[in-house]
Structures are given as structure tokens and as C-alpha cells.
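Let's take a walk through this protein together, going from its strands to its loops and then out to its surface. Please keep the sequence and the 3D view side by side as you read.

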Amino acid sequence: MKKCNFFILLLFWSATLYADIIDLHLNNPSGSDRTEVTTGPKASYDENTNEVIISIEATRFFEMRVVDIYGTVVYSCPVLMVDGTPTNYQLPELPAGIYTLKVESEEVSYEGTLVIE
């Protein structure tokens, strides 16, 4: 029984570390004409304030969407990036779970995994 408890604790600790940084990667579906026109996308999640912090080296509007595991958009808002300045976005109260964070413009699309505990 103790081994099982240790294993569960280890998984919980791992998930907590993973929730801090969101690895945004370029989402370029095959056949898409989107090209990467921005560099250095960064995103993180602050569980204390329930905020996503996004920084992309570009000056343009993006659309940020939080999508649940069923593909339903549970939150969406416009995002204005200005030359990589980190910008905070308050999320609504969402149930604990694993979500996909999408940040898209007409030219480029990024996505990463958001874990809310």
C-alpha cells in the first residue's frame, strides 16, 4: 500500500511542475499555407491567480482559445501582442483537467497543453 501512495504522490508532483510552463509549439497542419512569422512564443500558467501569461515576438492580434479534451472551446478572447511584452489573461474558473491552449492569427497558429489542478 505504501508503494501505491508514493507513486500517486510522484504523479501529483510531476503534474504540478508541468502546469507552470506551457510549451507553445507551431501548429502547421499539412497543406496549410500558414508560415511562421513570429519567434520565441512563451506561455505559462499561474495557478495562484488563475492567469495565462503569453509572450510572442510580434505586434499583432491573436485569438486565444482554451479547449477541453472533448474539443469544446471553454474560453476565448482576443490577444494583442506587442513585441514580446508578456501579457496576462485572467481565465474563468475551469474544472481541474487537461486543456489545449491555442493562440492563433491569420498567419500563424501555436498550441500547447494547459493543466489545471
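Which residue in β7 is the bridge partner of Ile-53? The partner is Asn-88. Before we follow that pairing further, a word on what you are looking at. This is a predicted model, in which local features need pLDDT of at least 70 and side-chain atom pairs count only at pLDDT 80 or more, while totals for chains, interfaces and linings use all residues. Residues are numbered from 1 along each chain as its sequence is written, and side-chain values use heavy atoms, with hydrogens and water left out.

Now for the overall plan. The protein has one helix and nine strands, where helices (H or I, at least four residues) and strands (E, at least two) are DSSP runs numbered from the N terminus. Reading along the sequence gives the pattern α-β-β-β-β-β-β-β-β-β. Of the 117 residues, 33% are buried; here buried means under 20% relative accessible area, exposed means over 50%, and partly exposed is in between, using a 1.4 Å probe and protein chains only. If you take the contacts (heavy atoms within 4.5 Å) with a separation of 6 or more, 55% of them join residues 24 or more positions apart.

Let's return to β4 and β7. These strands pair in the antiparallel sense over four bridges, and two strands are said to pair if DSSP finds at least two bridges between them. Strand β4 is largely enclosed by the rest of the structure, because six of its seven residues are buried.

Another group of strands is worth tracing in the viewer. Five strands form an open sheet with antiparallel pairing, in the order β2-β9-β8-β5-β6. Its edge strands are β2 (25-26) and β6, each of which pairs on one side only. At the β2 edge, the antiparallel pairing with β9 runs over two bridges, and His-25 has Glu-111 in β9 as its bridge partner.

Just before β2 in your sequence view, look for Ile-22, which is found in strand β1 (residues 21-22). Is Ile-22 buried or exposed? With a relative accessibility of 3%, Ile-22 counts as buried. Setting aside residues up to four places away in sequence, Ile-22 touches Ala-43, Ser-44, Tyr-45, Leu-101, Gly-112, Thr-113 and Leu-114. The C-alpha atoms of Ile-22 and Ile-54 are separated by 9.4 Å, with these positions 32 residues apart along the chain counted as their spacing.

The loops have their own points of interest. Asn-50 sits in the loop between β3 (39-46) and β4 (51-57), and has a positive phi of about 60 degrees although it is not a glycine. Asn-50 counts as buried because its relative accessible area is 8%. What does Asn-50 contact, leaving aside its neighbours within four places in sequence? The list is Tyr-45, Tyr-89, Gln-90, Leu-91, Pro-92 and Glu-93. For Leu-91, the C-alpha to C-alpha distance from Asn-50 is 5.9 Å, although the two are 41 residues apart in sequence. A polar atom of the Asn-50 side chain also lies 2.9 Å from the backbone oxygen of Leu-91.

Asp-83 likewise has a positive phi, of about 45 degrees, although it is not a glycine. You will find Asp-83 in the loop between β6 (73-82) and β7 (87-90). With a relative accessible area of 55%, Asp-83 is exposed, whereas Asn-50 is buried.

One more loop lies between β8 (97-104) and β9 (109-116), and Ser-105 has its place there. Ser-105 counts as buried, at 9% relative accessibility. A polar atom of the Ser-105 side chain lies 3.2 Å from the backbone nitrogen of Glu-107.

Finally, step back to the surface. The accessible surface of the protein comes to about 7,300 Å², and 59% of this belongs to carbon and sulfur atoms; such areas come from the Shrake-Rupley method with a 1.4 Å probe, and for residues only the protein chains shown count as cover. Which residues form a nonpolar patch on the surface? They are Phe-61, Leu-80 and Val-82, with about 290 Å² of accessible area together. Patches are made of residues with over 30% relative accessible area and no salt bridge, where like charges are joined within 9 Å and nonpolar side chains (Val, Leu, Ile, Met, Phe, Trp, Tyr) within 5 Å. A salt bridge, in turn, is a side-chain nitrogen of Lys or Arg within 4 Å of a carboxyl oxygen of Asp or Glu. Within this patch, Phe-61 lies in strand β5 (residues 59-67) and counts as exposed, at 58% relative accessibility.

Methods:
A polar contact is a pair of N or O atoms within 3.5 Å; within protein, one must be able to donate a hydrogen and the other to accept it, and residues adjacent in sequence count only if both atoms are side-chain atoms.
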